[in-house]
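Visitor: I am new to reading protein models. Could you walk me through this one and show me how each label is earned?

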Amino acid sequence: MKMTDSREITCIQCPQGCTLHAEKQSASSANGTSSANGTSSANSASNANGANQVSNANSSFCQCGDAVYKITGNKCPRGRAYAIKELTNPSRTLTTTVATIFDDCPLVSVRTDGDIPLRDVFRVMQELNNYRACKRLHPGEVLIEDLAGTGVALLATGDMTAPNTTNHPTT
Ligand code: SF4
């Protein structure tokens with residue numbers, strides 16, 4: 001098998017940081033083989049991202065575009081779910097600062113209240129570059145309900161009610 005037929009992913013779901021292996025499989029081996037009576041031996045289902053997953057007790061397969069990957073190296077189911085997400089719809093919580101209209105706290109630290117697909121990060125940052133917070137907020141309060149149409153809210157992590165300390169997240 002060529003090196004390009006596998007991917008290594010470091011799981012960031014807990015401090016153990018397992019190294020996950022996503023190995024490209026042929027579609028026929030991943031989707032199960034037909035038995036003598038012509039019935040399929042594997043189960044398949046679609047996840048929220050539209051990616052097909054085929055799982056049994058010992059292994060997990062994920063269809064990503066035309067490729068089917070076998071995922072190993074995970075010590076728990078969260079790692080398998082993370083690998084599938086990385087292959088089908090990689091996303092991250094975004095932390096940054098945005099400008100305000102207040103001279104005593106010109107910037108406020110913020111984070112998204114959920115993951116943003118990596119494909120949307122550039123568009124989200126463009127929106128944030130043009131954004132000015134015009135209301136003083138406490139940490140945890142919402143600045144934007146639906147950030148750039150992602151459905152994810154933007155929260156303040158700095159305290160805009162405490163001048164000169166607002167650049168630092170408190171959570
Ligand atoms: S696979 Fe499970 S144990 Fe390993 S890093 Fe991910 S969450 Fe932690």
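Guide: Gladly! Let us start with a word we will need: two residues are in contact if their C-beta atoms, placed from the backbone, lie within 7 Å. Keep in mind that this is a predicted model.

Visitor: Which residues does Ala156 touch, then?

Guide: Leaving out residues up to four places away in sequence, Ala156 touches Val108, Val110, Leu137, Pro139, Gly140, Glu141 and Leu143. Ala156 is also among the residues with the most contacts inside the largest nonpolar core, together with Val108, Val110, Leu143, Leu147 and Leu154. That core has 15 residues. Strand 9 (107–112), strand 12 (142–144) and strand 13 (154–156) are the elements that give two or more residues to it. Another core, of 13 residues, lies apart from it and includes Cys62, Tyr69, Tyr82 and Ile84.

Visitor: Why is Ala148 called partly exposed?

Guide: Count its neighbours: Ala148 has 18 other C-beta atoms within 10 Å. A buried residue needs 20 or more and an exposed one has 12 or fewer, so Ala148, with 18, falls in between and is partly exposed. You will find Ala148 in the loop between strand 12 and strand 13. Its phi is near 55 degrees, a positive value in a residue other than glycine.

Visitor: What makes Thr10 count as exposed?

Guide: Thr10 has 12 C-beta neighbours inside 10 Å. The limit for exposed is 12 or fewer, so Thr10 counts as exposed. Thr10 lies in strand 1 (residues 6–10) and touches Gly17 and Thr19, not counting residues up to four places away in sequence.

Visitor: How do you know that Thr10 is not in contact with Ala83 from this: how far apart are their C-alpha atoms?

Guide: That distance cannot settle it! The C-alpha atoms of Thr10 and Ala83 are separated by 8.6 Å, but contact is judged on C-beta atoms. Along the chain, Thr10 and Ala83 are 73 residues apart.

Visitor: What surrounds the ligand?

Guide: Around the ligand are Cys11, Gln13, Cys14, Gln16, Gly17, Cys18, Asn74, Lys75, Cys76, Arg78 and Gly79. By class, this shell has 4 nonpolar, 5 polar and 2 charged residues.

Visitor: Where is the predictor's confidence lowest and highest among the elements?

Guide: Strand 3 (residues 45–46) has the lowest mean pLDDT, 40, and strand 13 the highest, 97. Over residues 32–58 pLDDT stays under 50. The chain averages 79, and 73% of the residues score at least 70.

How values were computed
Residues numbered from 1 in each chain as written. Predicted model: local features only at pLDDT ≥ 70, side-chain atom pairs only at ≥ 80, totals over all residues. Near = placed C-beta within 6 Å. Nonpolar A, V, L, I, M, F, W, Y, C, P; charged D, E, K, R; others polar. Core = buried A, V, L, I, M, F, W, Y, C linked by C-beta atoms within 7 Å. Helix = DSSP H or I, 4+ residues; strand = E, 2+ residues; numbered from the N terminus. pLDDT = per-residue confidence, 0-100.
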